Amino acid sequence: MSISSVIRCTGSYLPDRVLTNKDLESMVDTTDEWIVQRTGIKERHIAAEGEGTSVLAIKAAQKALESSGLNPSEINGVIVATTTPDQSFPSVAVKVQAALGLNPGPAFDVQAVCSGFIYALSVADSMIRSGAMERVLVIGAEKMSSLLNWEDRTTCVLFGDGAGAVILEKSESQDGILSTHLYADGKLNDLLYTSGGVSTTGDAGHIVMHGKEVFKNAVGLMADIVQEVLEKNKITPDQIDWLVPHQANLRIISGTAEKLNMSMDRVVVTVHKHGNTSAASIPLALDTAVQSGAIKKGQLLLLEALGGGLTWGAALVRF
Ligand code: UT7
């Protein structure tokens, strides 16, 4: 009997405050036109002071739990992908575990920046297949606003806050997570990083990005990885119902869709409303499309992301 892991349900949360491009015009030397043309972003949500990443993660997880119809005791693990934990330790995952009243079981964070959710999904899938866990909350949650230098127009217009969650569970079907593909190339770590850290400057620092270089790498590496997914699963792009990409830049998203010969009406786009929410972006986009009725059970989804590290990854999922 072969075991797989399937996504039972999704949930997400966005903080109340919306920061528009117009608002940013009064903060830095930028324009709505520049931001929309170069990135596709129109607005993003910003968490309130004191509203840490765990608060966002807990709210997204609660939504997923509500829509699952499960009892908290039926979830036996939590994995949170985040770059912006409340504290250096403990993890955001243990806070989610406590807030939801889950029983003791594995709970830990994964740090792979914008690729974090794909990494977390892959780890959860492996743990379910190995028999270590049966039902896991997999969350991407970020308070990227806490890493921004609000005087640096090259980065502060790009990011937003939010969280998305899925409940992944053991299944004896052949569906669910069909393949995951993870990569990192640490030689490229100086293209996108924070200017600080606990063991160096003692503070979190701010995001520094060489945007053009990251852009070039993203276009090439996303094209390569989607090809790898197609070959590994012996499928053609027309069999994919939805591309659910990391939401960093509409030009990167449409470039990947073009390589796959997929029209944009089969691509989930939330970057205009959410900005780049790093590890939260894919589960947020997924839940948005599920809630709107666009993504339906049984459809084939291709998830892909690239972020600081550089890290990148993809997953093919029968939803
Ligand atoms: O999630 C992790 C992965 N991250 C990504 O995938 C992001 C990848 N990179 C990008 O999305 C794009 O490179 C950016 C959106 C970050 C930048 O777009 P770009 O087309 O690569 O612009 P650029 O950095 O080459 O800058 C072009 C010009 C520069 O002016 P000069 O030197 O040509 O006079 C910048 O100073 O735009 C200027 N600029 C701005 N102007 C108005 C940079 N930021 C801004 C701004 N408003 N906010």
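Welcome to this structure: the shell around the ligand draws at least three residues from each of two domains, domain 1 (4-173) and domain 2 (177-318). Please keep in mind that this is a predicted model. In total, 23 residues surround the ligand, and the points below start with them before turning to the chain as a whole.

**Who surrounds the ligand**
- The closest residues are Thr30, Arg38, His246, Asn249 and Asn276.
- Sorted by class, the shell has 11 nonpolar, seven polar and five charged residues.

**Polar contacts with the ligand**
- The side chain of threonine 30 places an N or O atom 2.7 Å from a nitrogen atom of the ligand.
- For asparagine 249, an N or O atom of the side chain is 2.7 Å from an oxygen atom of the ligand.
- Tryptophan 34 has a polar side-chain atom that lies 3.2 Å from an oxygen atom of the ligand.
- On its own the ligand exposes 960 Å², and the protein buries 74% of that.

**Which elements build the shell**
- Helix 2 (32-39), helix 6 (153-156), helix 7 (211-233) and helix 8 (250-259) are the elements that give two or more residues to the shell around the ligand.
- Helix 7 supplies the largest share of that shell, four residues.

**The chain as a whole**
- You will find 10 helices and 13 strands in the protein chain.
- The protein chain is as compact as a globular protein of its length, because its radius of gyration is 18 Å, close to the 20 Å that the globule rule gives for 319 residues.
- Along the principal axes, the C-alpha atoms of the protein chain fill a box of roughly 60 × 45 × 40 Å.
- Among the 319 residues of the protein chain, 54% count as buried.

Conventions: Residues numbered from 1 in each chain as written. Predicted model: local features only at pLDDT ≥ 70, side-chain atom pairs only at ≥ 80, totals over all residues. Heavy atoms only, no water. Near = heavy atom within 4 Å. Polar contact = N/O pair within 3.5 Å; in protein donor to acceptor, adjacent residues only side chain to side chain. Areas by Shrake-Rupley, 256 points an atom, 1.4 Å probe, with all protein chains shown as cover. Nonpolar A, V, L, I, M, F, W, Y, C, P; charged D, E, K, R; others polar. Domains from an automatic or database assignment. Rg over C-alpha atoms; globule rule 2.2 N^0.38 Å. Buried < 20%, exposed > 50% of the residue type's maximum accessible area, 1.4 Å probe, protein only.
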